[in-house]
Amino acid sequence: MVVLETIGFIVLTTLALTSAIVVVFHRTPIISALALAFNLVAIAGFYLLLNAQFLALLQVIVYAGAIMVLILFVIMLLSISSESGLHKSGAIQRVMAPLLALGCAAAMGFAVYRGSEGARFVVSSTDFGTVRNIGTDLFTTFFYAFEAISLLLVVAMIGAVLLAKRRL
Amino acid sequence: MLKLIWLIPLLPVAGVLFNGVFGRKLSLKTVGTIACLTVLIAFGLSLGAVLELAELPEGVRQFETDVATWLPLGELGMGSNLTIPWGFGLDPLSSVLLLVVTGVGFLIHVYSVGYMKHERDYARFFIYLNLFMAMMLLLVLGNNLLVMFVGWEGVGLCSYLLIGFYYDQPFDKRTGLSCADAGRKAFIVNRIGDFAFLIGMLYLVIEFGTLKFSELNTALAAHGGTPGWLLTGIGLLLFFGACGKSAQIPLYVWLPDAMAGPTPVSALIHAATMVTAGVYMVCRMSALYSATPEAMAIIAAVGAATALFAASMGVTATDIKKVLAYSTVSQLGFMFAAAGVGAYGAAIFHLMTHAFFKALLFLGAGSVIHGLHGQQDIRKMGGLRVKMPRTFITFFVAMLAIVGIPGLAGFFSKDEILAGAWNSGNKVIWVVLSVAALLTAFYMMRLTWLVFFGKYRGDDATWSKAHESPALMTVPLIALAVLSIVGGWVGIPVVMSGWVGFGDINKMHHWLAPAITEPGGSHAAATVHDAGMETMLIVVATVVAALGIGLAWMFYRKDGAAAVWAKRFGPVHNLLRNSYWVDEFYELVVLRPFYAGCRFFTAVDRWVIDGLVNATGATAEISGQVIKLFQTGLVRNYALMFMFGVLVILYYVIRAV
Amino acid sequence: MEPQWLLVVSALLFTIGAFGVLWNRGAITILMCVEIMLNASNLAFITFARQFDQAEGQIYAFFIMTLAAAEATIGLAIVIALFRLRESTDVDELNLMKW
């Protein structure tokens with residue numbers, strides 16, 4: 001069991017990191033988008049590995065299903081090919097970006113190293129990650145947040161329609 | 001009436017307020033009447049108060065009243081006991097000055113009504129004149145140094161206002177001084193003296209904790225542990241202030257230029273009252289000065305030197321008022337010399353008689369100027385006694401008085417000064433004063449001769465229009481002439497009254513004695529002089545006076561003699577004509593460095609202080625120019641800045657954990 | 001499998017996403033990199049939820065997912081609007097706020 005878990009982990013890690021790198025570095029936006037889809041599925045795999053079934057499903061449905069499609073739509077709509085033209089941002093951008101990213105990695109790595117002394121996964125309870133478990137908390141403890149976020153979605157919809165209209 | 005002495009300075013203030021509000025619309029007669037009335041009532045009150053004072057027994061002949069508290073510093077818990085009241089006091093010393101100021105002041109007010117007939121702005125004139133009276137009375141009646149100082153400064157202010165009365169007229173063609181400049185010069189030179197006066201007052205406060213005269217006298221009589229040098233220092237500081245106010249060396253330079261003001265102003269302020277404030281102050285502080293022989297010696301020396309110095313300049317002056325101005329400085333020198341040798345009573349006596357005849361001389365000069373429609377140069381006068389008989393007679397009487405002809409006022413006071421100088425042991429002072437007296441006689445005779453005798457040297461048009469002055473002007477002249485004759489009779493020395501068999505009728509001496517502290521710490525007892533010596537001195541003084549008059553008559557008898565003498569004594573004459581170039585010296589040594597300092601500080605103000613302020617603005621601007629470069633407008637650069645900020649926050653968060 | 005491993009993965013993904021935001025010029029690619037970052041944080045949340053056996057972390061992840069959806073919507077709408085203006089999705093074209 002443990003061996004399977006470890007193999008699964010390694011496979012998923014490879015997938016996730018590789019697809020992320022493709023997203024960042026590839027010239028064609030369509031390929032980036034598809035790579036992102038792979039990344040999202042890999043993350044869903046991670047969730048499954050962690051016993052969070054409901055969220056794994058949600059990840060696939062919402063992220064890989066809805067958001068990815070949306071992005072693909074827009075890419076097709078605008079017929080974006082690859083990037084071209086001068087780099088107006090100047091050299092400072094190309095120097096500082098790797099530096100800052102490295103700094104970020106260092107900081108987070110340091111935090112993980114220091115902060116997770118003796119951290120272990122416990123044997124999870126049988127209803128960890130079930131719909132019932134999450135649903136109960138969602139509709140009792142986090143009720144107001146739930147309502148708020150639904151409102152947020154309405155607002156986002158209206159906003160998107162307004163922004164993208166050709167004539168108001 | 002004694003209880004009402006606080007009212008005396010307030011009466012002229014009423015005149016100021018009334019004329020200040022309504023004066024512009026009223027006629028000269030009304031304005032003048034109001035002004036004169038306030039002074040007359042003040043004189044009446046003063047007379048009543050002095051008479052009441054005289055009824056008190058000799059030992060307790062003083063009165064004080066504290067009307068209100070001014071500076072209750074003791075109650076403020078600042079660790080001092082100093083309390084300064086608005087206090088007024090009357091004792092024999094201030095009584096003399098009180099009557100002189102109000103009496104002579106009243107006569108001059110009446111004269112001014114006639115003199116200012118053709119002037120514009122007469123309301124302003126009488127307002128300033130009344131204000132001056134109020135301030136002078138405050139000075140005289142104050143029972144502590146600070147109230148006196150208020151009056152001191154106030155008369156300085158009024159002097160400035162009145163000298164610069166014709167503010168838009170030029171005054172001295174030779175130096176380019178305007179009347180306004182002359183006023184400023186007077187005020188500023190006064191202020192230099194006042195600064196020393198203030199410091200002297202501060203030291204008095206530190207040492208004695210009070211400024212009230214009565215308390216100071218008590219403290220000084222107690223021979224406390226005050227070191228001699230401190231007393232000398234205070235005395236000299238106060239005296240320096242007196243030099244400024246009473247025009248002694250080195251601060252006399254403003255008085256000749258003060259002649260820019262109208263003649264009644266010269267008569268009142270620069271002859272009879274304001275300039276005598278210094279003498280009054282010194283005599284008031286006689287307890288202090290009698291305790292420091294060093295200070296007294298310096299005062300005597302300065303006084304005598306000034307007397308001689310100024311008299312020499314009066315010999316060659318050609319403006320009728322300037323001669324009288326130098327004469328005033330010289331006579332003030334006499335008074336200070338008297339105080340310096342310990343004869344305080346003599347100084348006050350001379351102050352009184354001098355007020356009479358000097359005011360008379362100035363008013364007479366004003367009458368002459370008025371009659372000649374503005375001519376002031378004596379080279380263009382002559383033979384005016386036929387045209388202005390009353391002016392001539394009163395002027396002549398005054399001349400005799402100032403010269404010291406026996407029987408007239410000046411004789412008795414001057415004699416007492418000379419006797420005091422001789423008896424103090426300092427014969428040098430006596431010699432200097434006698435030479436000054438000789439010169440006094442000389443230049444006064446010169447003046448009288450050149451103005452009233454001989455042939456008229458001006459232009460015919462002025463001669464034909466020359467006229468005697470109206471009654472409003474000549475009546476005060478006559479009154480002052482009478483005073484110049486009889487005014488000295490209150491101080492007839494024992495020696496002389498002995499000739500005719502009377503005893504000691506020197507009323508002045510007796511009246512003043514309790515108020516003055518003689519050297520040696522006791523009040524002046526009737527000092528017994530060597531009768532023979534004193535008679536000798538009287539004879540010498542008379543001979544000197546007669547000699548002066550005779551010499552002047554000899555020199556100037558012939559027509560055109562003045563010019564001849566000027567050429568004969570070429571360089572000496574030049575020196576005297578230019579007043580020893582003292583003004584130019586001050587300009588070079590004091591004023592030029594001062595102006596350079598002013599220019600320096602202007603530069604500091606403009607470059608350093610303004611520079612600092614501007615630099616602050618410039619810094620803001622430049623830093624703005626630098627910081628704006630961060631705003632490239634490019635979203636990616638902003639994203640970089642985001643990231644950077646996130647890393648900073650991460651750093652702090654991780655550090656905390 | 002330890003929590004640390006997953007957290008390292010999350011950190012790496014986040015870094016790659018951040019780098020992508022700073023490096024790329026295309027607006028949509030930037031948006032996609034932002035999605036990567038969000039996912040990385042989601043992974044961290046779920047890891048911690050699993051570590052302490054709580055539903056709370058999953059709920060946070062749920063909300064973040066919803067938020068990401070809303071944000072992607074608006075972001076893409078803005079990209080479309082800007083495309084109409086500049087005829088390209090290059091973010092360097094949007095430089096009117098220069099000093």
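1. Let's start in chain B, at a proline in a loop. Pro250(B) sits between helix 8 (228-245) and helix 9 (254-257) of chain B. The peptide bond that leads into this proline from Ile249(B) is cis, its omega being near 0°. As background, most peptide bonds are trans. Please keep in mind that this is a predicted model, and the cis bond is a feature of that model.

2. Two other loop residues deserve a look for their backbone angles. Ser579(B), which is not a glycine, has a positive phi of about 55°. You will find Ser579(B) in the loop that links helix 25 (570-577) to helix 26 (582-627) of chain B. In chain C, Asp53(C) likewise has a positive phi of about 55° without being a glycine; its loop runs between helix 2 (27-52) and helix 3 (56-86) of that chain. For context, most residues other than glycine have a negative phi.

3. Are these two residues buried or exposed? Ser579(B) has 21 other C-beta atoms within 10 Å, and it therefore counts as buried, given that the cut-off is 20 or more. Asp53(C) has 14 such atoms within 10 Å, so this residue is partly exposed.

4. A glycine in chain B is also worth a visit. Gly488(B) is placed in the loop between helix 20 (471-486) and helix 21 (494-499) of chain B, and it is buried, with 29 other C-beta atoms within 10 Å. Which residues does Gly488(B) contact once neighbours within four places in sequence are left aside? The list is Thr353(B), Leu408(B), Ala409(B), Gly410(B), Phe411(B), Phe412(B) and Ser413(B). As a landmark for finding your way around, Ala134(B) is 354 residues from Gly488(B) in sequence and 27 Å away in space, C-alpha to C-alpha.

5. Next, the nonpolar cores. The largest one has 216 residues, and the members that touch the most others are Phe132(B), Ala337(B), Ala347(B), Ala359(B) and Leu433(B). Take Leu433(B) as an example: beyond its neighbours within four places in sequence, it contacts Ala304(B), Ala307(B), Phe334(B), Ala337(B), Ile417(B), Leu418(B) and Ala421(B). Another core, of 71 residues, lies apart from the largest one; among its members are Ile43(A), Tyr47(A), Cys104(A) and Leu7(C).

6. Cys104(A) brings us to helix 4 of chain A, where it is one of the buried residues, together with Gln93(A), Ala97(A), Leu100(A), Ala101(A), Gly103(A) and Met108(A). In general, an α-helix has 3.6 residues a turn, so residues three or four places apart point the same way. Helix 4 of chain A has 25 residues and reaches 36 Å from first C-alpha to last, close to the 36 Å expected. What covers its buried residues? The cover includes helix 27 (635-656) of chain B and helix 1 (3-23) of chain C.

7. Chain A meets both of its partners. With chain C, 70 residues of chain A are in contact with 61 residues of the partner. Six helices of chain A each give two or more residues to that side: helix 1 (2-25), helix 2 (29-49), helix 3 (53-78), helix 4 (91-115), helix 5 (131-140) and helix 6 (143-164). Helix 3 of chain A provides the largest share, 11 residues. By class, the side of chain A that touches chain C has 51 nonpolar, 14 polar and 5 charged residues. With chain B, 12 residues of chain A contact 11 residues of the partner; the chain A side there divides into 7 nonpolar, 4 polar and 1 charged.

8. The domain assignment splits chain A into domain 1 (1-80) and domain 2 (130-168). Taken over C-alpha atoms, the centres of these two domains are 23 Å apart.

9. Finally, chain C itself. What elements make up this chain? It has 3 helices and 0 strands, giving the order α-α-α from the N terminus. Its radius of gyration is 17 Å, well over the 13 Å that the globule rule gives for 99 residues, so chain C is more spread out than a compact globule. The C-alpha trace spans about 50 × 25 × 25 Å along its principal axes. Buried residues make up 57% of the 99 residues in chain C. Among its contacts between residues at least 6 apart in sequence, 48% join residues at least 24 apart.

How values were computed
Residues numbered from 1 in each chain as written. Chains lettered and ligands numbered in written order. Predicted model: local features only at pLDDT ≥ 70, side-chain atom pairs only at ≥ 80, totals over all residues. Contact = placed C-beta atoms within 7 Å. Nonpolar A, V, L, I, M, F, W, Y, C, P; charged D, E, K, R; others polar. Domains from an automatic or database assignment. Helix = DSSP H or I, 4+ residues; strand = E, 2+ residues; numbered from the N terminus. Expected span 1.5 Å × (residues − 1). Buried ≥ 20, exposed ≤ 12 C-beta atoms within 10 Å, placed from the backbone. Rg over C-alpha atoms; globule rule 2.2 N^0.38 Å. Core = buried A, V, L, I, M, F, W, Y, C linked by C-beta atoms within 7 Å.
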